[in-house]
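Here's a quick briefing to read alongside the structure. It starts with the ligand contacts and then moves out to the helices and strands.

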Amino acid sequence: MIQWKRKDLLGLYDLSAEEIIFILDTAAEFKKVSERRVKKVPALRGMTVVNFFVEPSTRTRVSFELAEQRLSADIVNMQAQASSLLKGETLLDTVKNIEALQVDLVVMRHSAPGAQNFIADRLKCGVVNAGDGAHEHPTQALLDLFTIREKLGGFKGLNVSIIGDILHSRVARSNIWGLLKLGANVTVAGPSTLVPREFEELGVRVCHNLKDAVKDADVVNMLRIQHERQNSGFFPSIGEYSSWFGIKSATLQDMKPEALIMHPGPINRDVELAGEVADGENSVILEQVTNGLAVRMAVLFLVAGCRK
Ligand code: CP
């Protein structure tokens with residue numbers, strides 16, 4: 001058993017396989033708490049957590065807030081649109097002012113890659129990355145890993161295909177780091193504009209054909225087309241993208257019958273994933289959301305434990 005020593009959770013790139021497994025094991029214990037009639041534990045009683053989302057979020061924000069409530073923390077939710085960032089205050093000044101109020105943890109989402117690393121280096125309080133640009137989304141990858149382990153028992157030799165807008169995806173990057181460390185084989189697939197060959201340098205297989213990508217996959221993780229991060233045409237039209245890389249009922253014939261279909265959400269229904277597949281038997285999408293709560297409780301519990 002390892003001892004957790006990090007005051008921040010910034011990404012999976014920095015974590016060892018042992019640390020990742022330790023988080024998943026801790027999350028498994030917290031999942032049991034959420035299945036009880038009384039779903040609350042006093043682990044963070046007396047601690048204050050600020051949720052600071054400078055980019056939109058549904059799942060991650062609600063899941064973190066619920067995780068903090070279940071751990072009995074005091075919570076403050078800050079919206080960037082209602083903060084003094086709009087008056088020209090720098091991000092660092094904003095978070096230093098938050099820290100001056102004796103806050104213990106800051107959970108932050110930001111559109112700038114590395115923003116959380118930047119503030120974590122300069123704050124004594126803990127920082128948890130809730131997604132930074134196209135860089136990392138560690139708790140999403142951890143909940144994906146948790147779901148895979150719960151469903152399939154482990155990672156060694158598992159074939160995982162991540163399909164879609166890999167270029168702009170923090171979810172893909174965090175999943176790649178985690179899956180490779182744990183011994184899975186990773187394929188990334190999509191149009192060459194969104195899945196350049198350079199990704200091979202990370203140790204993954206690059207594929208530009210959906211049938212090849214899904215054929216031997218034990219897990220197919222579909223990613224959202226990120227309209228908000230695209231400033232040039234990466235494919236001719238949404239319809240064209242969907243016809244080449246969207247998973248439809250017919251695509252299931254080309255896959256292992258028991259393959260898991262995952263998606264971090266939000267889904268563009270009938271673009272990357274047909275509605276009947278998103279809601280079908282292979283889909284574990286809502287189980288991912290459920291597991292996200294346990295994973296975030298584990299992460300908050302571990303980093304809070306490093307507060308001096
Ligand atoms: N998966 C995910 O990060 O979803 P939100 O953007 O809704 O938080």
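Let's start at the ligand: a polar side-chain atom of S57 sits 2.6 Å from one of the ligand's oxygen atoms. Keep in mind that this is a predicted model. Taken together, the protein covers 91% of the 250 Å² of accessible area that the ligand has on its own.

**Around the ligand**

- The residues surrounding the ligand are S57, T58, R59, T60, R109, H137, Q140, P264 and G265.
- R109 also makes a side-chain contact, with one of its N or O atoms 2.8 Å from an oxygen atom of the ligand.
- P264 goes in with its backbone instead: an N or O atom there lies 2.8 Å from a nitrogen atom of the ligand.

**S57 and its loop**

- You'll find S57 in the loop between β1 (48-53) and α2.
- Besides its 2.6 Å contact with a ligand oxygen, the S57 side chain reaches the backbone nitrogen of R61 at 3.1 Å.
- The S57 side chain also reaches the backbone nitrogen of T60, here at 3.5 Å.
- T60 turns up again in the set of residues around the ligand, and T60 is one of the buried residues of α2.

**Helix α2**

- α2 takes in residues 59-70, twelve in total, and spans 16 Å from first C-alpha to last, close to the 16 Å expected at 1.5 Å a residue.
- Which residues of α2 are buried? They are T60, S63, F64, A67, E68 and R70.
- Those buried positions cover an arc of only 160° around the axis, which means they are on the same side of α2.
- After the helix comes S72, with a positive phi near 70°.

**Helix α5**

- α5 runs over residues 138-152; its 15 residues reach 21 Å from the first C-alpha to the last, close to the 21 Å expected at 1.5 Å a residue.
- Why call α5 largely enclosed by the rest of the structure? Eleven of its 15 residues are buried.
- The buried set is P138, T139, Q140, A141, L142, L143, D144, L145, F146, T147 and I148.
- Q140, one of those buried residues, is also among the residues surrounding the ligand.
- G153 follows α5 and has a positive phi, near 90°.

**Strand β8 and its partners**

- β8 (residues 219-222) is covered on both faces: V219 and N221 are buried on one side, V220 and M222 on the other.
- β5 (residues 159-163) runs parallel to β8, and four bridges join the two.
- One of the pairings between these strands puts S161 opposite V220 of β8 as its bridge partner.
- β9 (residues 260-262) is parallel to β8 as well, with three bridges joining them.
- For V219, the bridge partner in β9 is L260.

**L105 in β3**

- L105 belongs to strand β3 (residues 105-110), and R109 from the ligand's surroundings falls within that residue range too.
- Is L105 buried or exposed? With a relative accessibility of 0%, L105 counts as buried.
- L105 and V220 are 115 residues apart along the chain, and their C-alpha atoms are separated by 34 Å.

How values were computed. Residues numbered from 1 in each chain as written. Predicted model: local features only at pLDDT ≥ 70, side-chain atom pairs only at ≥ 80, totals over all residues. Heavy atoms only, no water. Expected span 1.5 Å × (residues − 1). Buried < 20%, exposed > 50% of the residue type's maximum accessible area, 1.4 Å probe, protein only. Arc of directions from axis to C-beta. Near = heavy atom within 4 Å. Polar contact = N/O pair within 3.5 Å; in protein donor to acceptor, adjacent residues only side chain to side chain. Areas by Shrake-Rupley, 256 points an atom, 1.4 Å probe, with all protein chains shown as cover. Pairing = 2+ DSSP bridges.
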